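Colleague: Before I use this model at the bench, I would like to go through the words attached to it and hear what each of them rests on. Could we take them in turn?

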Amino acid sequence: MGGNNPTPLTIGGKPLTGGMLWLAAIVLAAANFVAVLDMTIANVSVPSIAGNLGATASQGTWVITSYAVAEAITVPLTGWLAARFGAVRVFAVAMGLFGVASLLCGLANSLGMLVFARILQGFAGGPLMPLSQTLLLRIFPPHMAPAAIGLWSMTTLIAPVLGPIVGGWICDQYSWHWIFLINIPVALVCAFAAWNLLKRYELPLLKNPIDTVGLCLLFVWVGSLQLMLDEGKNLDWFASPTIIALAVVAVVGFAAFLIWELHEEHPIVDLRVFRHRGFTMSVLTISLTFGAFFAVNVLTPQWLQRYMGYTATHAGLVTAWTGLFALSVAPLAAGLSAKVDPRRLIFLGVFWLGIITFWRSFATTDMGYWDIAIPLMLMGFGLPFFFIPTTGLALASVEPREMENAAGLMNFLRTLAGAAAVSLVNTEWENETTRQHAELVGLSDRSGEVLQALQHSGAAPDTALNTLDGLVTSQSVMLATNNIMAVLGICFFIAAMVIWLAPKPTRVVDPGAGGH
């Protein structure tokens with residue numbers, strides 16, 4: 001495989017050093033941050049947006065869906081775009097277009113215009129995640145790469161947590177337009193700084209022909225799958241002909257895409273990168289772990305807001321503890337990832353996440369703030385030990401020329417795993433709550449003593465019944481939440497085991513080494 005270059009390769013200038021190197025790292029991390037932030041910043045703002053634009057809440061979800069579909073399509077294209085047009089050029093242009101699309105989102109006066117602008121924003125945002133990652137590895141010497149990957153990893157983990165908090169606060173204090181307009185200065189500054197700082201690192205271009213068939217098949221199957229995942233809950237999944245049709249198109253489209261890309265001389269997405277067992281097993285671990293983590297991350301604020309009496313802001317502040325503690329441990333994880341067998345760090349980090357999630361399956365409705373916050377803090381300790389060395393091991397397992405393509409596929413599968421997990425968990429949460437409610441209704445207050453006590457205390461019969469039903473519903477939700485936490489804990493345990501299927505590194509693996 002590729003060699004371990006002592007200094008990064010540049011064309012037309014000396015490598016960046018010192019403060020300028022870290023300035024470039026901050027620019028790349030900031031670009032990744034806003035791209036990931038916009039995946040979740042609109043989640044809590046949908047009611048405000050729909051009400052303001054005269055749309056239903058169901059139609060308002062297209063603001064989220066349109067961005068996710070567009071981004072999911074362009075993420076795996078990153079390797080081909082970078083090879084044909086240059087990674088730095090594609091990154092700078094995508095960052096600038098992201099700012100323009102954000103402006104259009106903020107100026108939108110109809111749902112149709114907003115959805116169109118969100119599609120453009122998703123197309124521009126897709127390449128930012130993998131390219132920010134691979135450009136960090138390109139500009140940093142191998143011995144400093146773990147610290148750079150640590151910075152990038154924390155933006156990827158913290159942005160989805162902050163998205164709903166920032167979005168909710170902006171909607172409460174100002175208006176929904178500003179959740180998009182705040183991107184503009186960040187995007188324009190990052191585009192300008194990235195081009196001026198990084199153009200010296202541009203590699204020779206590969207003028208491969210466009211794989212039109214592969215591109216069309218990618219649009220078809222990814223779009224169908226993402227729509228199925230986003231709309232499944234609203235349409236009652238496979239009871240709906242629409243969902244069945246989307247599922248069939250996604251499966252047939254994926255099979256055709258797989259066959260075509262493996263036999264195409266110049267594929268739009270080079271699937272041959274999966275021949276590296278280290279990459280394949282790392283990506284599988286990332287997908288399983290990120291899916292479980294993202295599901296926990298989405299379920300927790302919903303539970304807090306809907307059933308524990310927390311406001312959106314307070315629920316966000318509780319969940320933010322995970323990100324804060326992850327940030328504090330990141331430097332240690334980055335340092336160890338260059339010295340210790342990364343598989344060991346990954347196993348310990350993911351297994352720890354499983355233990356804490358399993359602990360959370362014993363929650364009760366009378367828990368206080370710190371009872372909820374402490375497990376979330378402890379989860380933060382495990383995240384860097386999973387994310388930083390897994391990313392490094394995955395990219396160090398492929399050849400240097402495959403790195404952009406590998407990063408694109410890794411980010412695509414991670415995003416897809418998160419979307420699938422959220423859809424499945426939300427559906428199962430509601431179904432499990434219904435099942436638990438049916439069981440508890442049959443078991444609760446058989447003698448009628450509680451109902452009589454409520455009525456004797458002065459409550460009207462209807463009020464007493466509603467109070468009793470509220471108590472049963474609260475307990476049903478708690479039991480359903482606990483059951484799902486237990487299942488997600490098991491998912492973490494399985495993911496921790498998978499990493500041992502990756503081959504043992506023959507030397508200490510640097511995330512920036514490029515070789516294996």
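Modeller: Let us begin with one term: a residue is called buried when its relative accessible area is under 20%, exposed when it is over 50%, and partly exposed in between. Please keep in mind that this is a predicted model. In helix H5, the residues Thr78, Gly79, Trp80, Leu81, Ala82 and Arg84 are buried.

Colleague: What makes helix H5 largely enclosed by the rest of the structure?

Modeller: Helix H5 covers residues 78-85, and 6 of its 8 residues are buried, so the helix is largely enclosed by the rest of the structure. Just after H5 comes glycine 86, which takes a positive phi of about 100°.

Colleague: How many residues are buried in the protein as a whole, as a percentage?

Modeller: Buried residues make up 55% of the 516 residues. The secondary structure comes to 20 helices and 0 strands, and among contacts between residues at least 6 apart in sequence, 85% join residues at least 24 apart.

Colleague: Why is alanine 187 called buried?

Modeller: Its relative accessible area is 0%, and the cut-off is under 20%, so alanine 187 counts as buried. Alanine 187 belongs to helix H11, residues 183-198, and, not counting residues up to four places away in sequence, it touches Met95, Phe98 and Gly99. The C-alpha atoms of alanine 187 and valine 34 are separated by 8.2 Å, although the two residues are 153 residues apart along the chain.

Colleague: Why is threonine 74 buried, and what does it touch?

Modeller: Threonine 74 has a relative accessible area of 8%, which is under 20%, and it is therefore buried. Threonine 74 is found in helix H4, residues 62-74, and, leaving out residues up to four places away in sequence, it touches Gly122, Phe123, Gly126 and Pro127.

Colleague: Why is alanine 68 called partly exposed?

Modeller: The relative accessible area of alanine 68 is 21%, and since buried requires a value under 20% and exposed a value over 50%, the residue falls in between and is partly exposed. Alanine 68 is also found in helix H4, and, apart from neighbours within four places in sequence, it is in contact with Gln226 and Asp230.

Colleague: And what makes isoleucine 119 partly exposed?

Modeller: The reasoning is alike: at 30% relative accessibility, isoleucine 119 lies between the cut-offs of 20% and 50%, so it counts as partly exposed. Isoleucine 119 is in helix H7, residues 111-125, and it touches Ser66 and Ala70, not counting residues up to four places away in sequence.

Colleague: Turning to the rings, why is the pair of tryptophan 237 and phenylalanine 238 called tilted?

Modeller: A search of the whole structure finds 22 aromatic pairs. In the pair of tryptophan 237 and phenylalanine 238, the ring centres are 6.5 Å apart and the planes stand at 35°; planes under 30 degrees apart would be stacked and those over 60 edge-to-face, so this pair is tilted.

Colleague: What makes phenylalanine 290 and phenylalanine 294 a stacked pair instead?

Modeller: Their centres are 5.4 Å apart, within the limit of 6.5 Å, and their planes are at 20°, under 30 degrees, so the pair counts as stacked. Both residues lie in helix H14, residues 277-307, 4 residues apart, about one turn of the helix. Phenylalanine 290 is buried at 7% relative accessible area, and phenylalanine 294 is buried at 12%.

Colleague: How do you know that arginine 414 lies over the face of phenylalanine 290?

Modeller: Arginine 414 is placed at 5.1 Å from the ring centre of phenylalanine 290 and lies over its face, and the distance cut-off for that description is 6 Å.

Colleague: Which residues line the largest cavity?

Modeller: The lining consists of Val36, Met39, Met129, Thr156, Pro160, Phe290, Phe294, Arg414 and Thr415, so the stacked pair and the arginine over the ring return here. By class, the lining has 6 nonpolar, 2 polar and 1 charged residues. The volume of this cavity is about 50 Å³, and the search of the whole structure finds 1 cavity of 30 Å³ or more.

Definitions and conventions:
Residues are numbered from 1 along each chain as its sequence is written. This is a predicted model: local features need pLDDT of at least 70, side-chain atom pairs count only at pLDDT 80 or more; totals for chains, interfaces and linings use all residues. Side-chain values use heavy atoms; hydrogens and water are left out. Rings of Phe, Tyr and Trp (its six-membered ring) pair if their centres lie within 6.5 Å; planes under 30 degrees apart count as stacked, over 60 as edge-to-face and the rest as tilted. Helices (H or I, at least four residues) and strands (E, at least two) are DSSP runs, numbered from the N terminus. Buried means under 20% relative accessible area, exposed over 50%, partly exposed in between (1.4 Å probe, protein chains only). A charge sits over a ring if NZ of Lys or CZ of Arg is within 6 Å of the ring centre and within 35 degrees of the ring normal. On a 1 Å grid over the protein atoms alone, a cavity is a set of points where a 1.4 Å probe fits but cannot get out, and a pocket is an open set with protein on both sides within 12 Å along at least five of seven lines; lining residues have an atom within 4 Å of a point. Grid points are joined across faces, edges and corners, and a volume is the space filled by probe spheres set on the points. Ala, Val, Leu, Ile, Met, Phe, Trp, Tyr, Cys and Pro count as nonpolar, Asp, Glu, Lys and Arg as charged, and the others, Gly among them, as polar. Contact means heavy atoms within 4.5 Å.
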